[in-house]
Amino acid sequence: MLTKQKKLILSNAQRDQMRRAGKANGELMDFIRPHVKAGVTTNEIDRLVHDWTYDRGYKAATLGYHKYPKSCCTSVNEVICHGIPDDYELQDGDIVNVDITTIVDGWHGDQSETFIIGETTEERRAVVQCAFDCMHMAIDALTPGCRVATIGETVVPEAHRRGFTVVREYVGHGLGRQFHLDPSIPHFPNRQSRIDRLFPGMCFTVEPMINAGSRYTKSDKVDGWTVRTKDGRPSAQFEHSVLMTEDGPEILTLTKDGPQKGHRF
């Protein structure tokens, strides 16, 4: 889904536009937060996202994107990413990733969180904790001009240390006036990520997807979107939009009410 083009270096004015988009997206996440609970359907979450977004004159980036039918993604338990909201009613013990992307005056804010519904299993809680910690560890490791591989070199050893695996087929991406831009941001080190660098003025997502079991995935051939773990074990993800500045990484999609760095689930 990446648009192949010269990597986007943002001017100061454009950086402020991205800050506005990220701030709005974080406010949306806080708005839906109290509604992500047992007894609520994922369709209801999508409706809340849609109405909040369009009532403010913004746009939901996912709605109609490559024919995707909803205003957010809701990925429950063994679903890794791109879960389509439907009539499924969240149950005690579920984990659900809600992925939202808001377009504000043409600029994209993109983030996701995995929510724990009620009391869950130790495995599900641990994989959620790992995904959250890996995201923040990767962001903290970044410096102006560093290699993209710094992210994967941080995430993979930490996930493996905890007995988990890192999804390779789905990655982070550059962000700006378009949803998916270069550079690709894999959460494992590869040849290209050892070449690409993150210079001041570049905006991108850090969004590790951590599996409790095998790293391998399977795509739903019916809906064309939903991606599940191949072994049916749970998966978790957290995502922030990040702007690289001359002083280091700046998270654009912070929330006031959500888990902050160092949080224990």
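How many residues of strand 5 (residues 107–116) are buried? Keep that in mind while browsing these views of a predicted model.

**View 1. The protein chain as a whole.** Let us start with the full fold, where the protein chain holds 4 helices and 17 strands. Its radius of gyration is 17 Å, close to the 18 Å that the globule rule gives for 265 residues, so the chain is as compact as a globular protein of that length. The C-alpha trace spans about 45 × 45 × 35 Å along its principal axes. Of the 265 residues, 56% count as buried. About 11400 Å² of the chain is exposed, and carbon and sulfur atoms supply 49% of that area. If you look at contacts between residues at least 6 apart in sequence, 72% of them join residues at least 24 apart.

**View 2. Strand 5 and its hairpin partner.** Here is the reply to the opening question: 9 of the 10 residues in strand 5 are buried, leaving this strand mostly covered. Strand 4 (residues 95–104) pairs with strand 5 in the antiparallel sense, over 10 bridges. For a handy landmark in the pairing, find Asn97, which stands opposite Thr114 in strand 5. The two strands make a hairpin with 2 residues between them. In that turn, do stop at Asp105, whose phi is positive at about 50°.

**View 3. Cysteines without a disulfide.** With a disulfide taken as two cysteine sulfur atoms within 2.5 Å, the count in this model comes to 0. Cys72 is in no disulfide, and the nearest cysteine sulfur, that of Cys73, lies 6.8 Å away. Cys72 has 0% relative accessibility and so counts as buried. Why does Cys203 form no bond with the closest cysteine sulfur? That sulfur belongs to Cys146 and is 14 Å from the sulfur of Cys203, which is too far for a bond. Cys203 is buried as well, with a relative accessible area of 4%.

**View 4. The surroundings of Thr217.** Our last close-up visits Thr217, found in strand 13 (residues 217–219). Is this residue, Thr217, buried or exposed? Its relative accessible area is 16%, so Thr217 is buried, the cut-off being under 20%. Leaving aside neighbours within four places in sequence, Thr217 is in contact with Ile80, Val167, Glu169 and Tyr170, and also with Val227, Arg228 and Lys230.

Key
Residues are numbered from 1 along each chain as its sequence is written. This is a predicted model: local features need pLDDT of at least 70, side-chain atom pairs count only at pLDDT 80 or more; totals for chains, interfaces and linings use all residues. Side-chain values use heavy atoms; hydrogens and water are left out. Buried means under 20% relative accessible area, exposed over 50%, partly exposed in between (1.4 Å probe, protein chains only). Two strands pair if DSSP finds at least two bridges between them. The radius of gyration is taken over C-alpha atoms; the globule rule is 2.2 Å times the number of residues to the power 0.38. Contact means heavy atoms within 4.5 Å. Accessible areas come from the Shrake-Rupley method with a 1.4 Å probe; for residues, only the protein chains shown count as cover.
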